[in-house]
Amino acid sequence: MKIAGAPISWGVCEVPGWGHQLGPDRVLTEMRQAGLTATELGPEGFLPTNTVDLVELLDSHGLSCVGGFVPVVLFKDDHDPAEDLAGPLESLVAAGAGVVVLAAATGLDGYDARPILDEQQWATLLSNLDRLADIVAARGLTAVLHPHVGTMVESRSEVDRVLTGSTIPLCLDTGHLLIGGTDPLALTKEVPERIKHAHLKDVDAALAAKVQTGEMTYTQAVAAGMYVPLGAGDVDIAEIVKTLEDNGFNGWYVMEQDKILDSDPQAGQGPLGDVVASVAFLQGAAAGVSS
């Protein structure tokens, strides 16, 4: 089982004003302390954009790169998302990554509001997904689409439009799917062949329900602790992992418990404990699958 980390578990996010942002050395050091040997890159600008510096930094912490989250606007006829992809793709190729995790961005800051697309915009989005997947494949990587709260692919009906209207594989994000109204275990059982990458999150369903009803924004719910260590919430992570493994999944399981930090925690405190707990839970789940 291939287990990786992600800077968002330490509160590092591309959204302006998303809490206190820890530095790369702190985050990468604590990844290794949690027993992780691989990571996604995090938001553009968190790690060096110079590819030589990027590789040296990852190597110095004993970490390999598995992929990166790349939000791109896909639905506008007058905007070419390939231009937004170009820089992150170069970094991912240089770092030896295998996956580009695309999200269908709204063009707005944050994930608390989104427009409604018409049929032509949907056609453009789906066409762009396949085009970007081809661009990524030509560089030797795999593009996956990440259903994500506050993007143009959030709900189950929108996930289904991607499944039927595009050939791109999915990043199974167990938390965003649940919050967006999709049962992640049911989806895993229905289309295991379309899942090539996994972001594992556990969720406090009571807080997720408040996002669904509009009582809280997504950002407010994250700040309130909507994401919890694996095994401590309402997503059946163990059964999802078993289903993927039973169907020959060979991708990465990326630990992601999104955080918003209001200050700089002391070394060894803060998000590290939750990541350690999540890694231990996943290792236990893996042992259960193998036995």
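Is cysteine 171 buried or exposed, going by its relative accessible area? In this predicted model, cysteine 171 comes out buried, because its relative accessible area is just 1%. Cysteine 13 lands in the buried class too, with a relative accessibility of 10%; the cut-off for that class is under 20%.

What about sulfur bridges? A disulfide is a covalent bond linking the sulfur atoms of two cysteines. A scan through the whole structure turns up zero of them. For cysteine 13, the reason is distance: the closest cysteine sulfur belongs to cysteine 171 and sits 15 Å off, which is too far for a bond. Cysteine 171 is likewise in no disulfide, and here the nearest cysteine sulfur is that of cysteine 65, 14 Å away. The cut-off for calling a pair is 2.5 Å, so neither the 15 Å of cysteine 13 nor the 14 Å of cysteine 171 qualifies.

On to the strands, with β10 as the one to follow. Strand β10 covers residues 252–255, and its side chains split two ways: Trp252 and Val254 point in one direction, Tyr253 and Met255 in the other. Both pairs are buried. Strand β10 also has two pairing partners to report here. Strand β1, residues 2–4, runs parallel with β10 over three bridges, and isoleucine 3 has tyrosine 253 as its bridge partner. Strand β7, residues 195–200, likewise pairs with β10 in the parallel sense, again over three bridges. There, alanine 198 is the residue whose bridge partner is tyrosine 253. Tyrosine 253 thus takes part in a bridge with isoleucine 3 as well as one with alanine 198.

Next comes helix α10, spanning residues 237–246. Its buried residues are Ile237, Ile240, Val241, Thr243 and Leu244. Looking down the axis of α10, these buried residues stay within an arc of 160°, so they line one face of the helix. The general background is simple: an α-helix has 3.6 residues a turn, so residues three or four places apart point the same way. After α10 comes glycine 248, with a positive phi near 80°.

Finally, there is a helix pair to look at. Such a packed pair is described by the angle and the distance between the two axes. Helix α4 takes in residues 119–138 and helix α5 residues 156–165; their axes come within 10 Å and cross at roughly 55°. That angle makes α4 oblique to α5. As for handedness, the crossing of α4 past α5 is right-handed.

Note on methods. Residues are numbered from 1 along each chain as its sequence is written. This is a predicted model: local features need pLDDT of at least 70, side-chain atom pairs count only at pLDDT 80 or more; totals for chains, interfaces and linings use all residues. Side-chain values use heavy atoms; hydrogens and water are left out. Buried means under 20% relative accessible area, exposed over 50%, partly exposed in between (1.4 Å probe, protein chains only). Helices (H or I, at least four residues) and strands (E, at least two) are DSSP runs, numbered from the N terminus. Two strands pair if DSSP finds at least two bridges between them. The arc is that of the directions from the helix axis to the C-beta atoms. Axes are lines fitted to C-alpha atoms, for helices over the stretch in contact, and angles run from 0 to 180 degrees between N-to-C directions. Angles under 35 degrees count as roughly parallel, over 145 as roughly antiparallel, 65 to 115 as roughly perpendicular and the rest as oblique. A crossing is left-handed if the near helix is turned anticlockwise from the far one by less than a right angle, and right-handed if clockwise.
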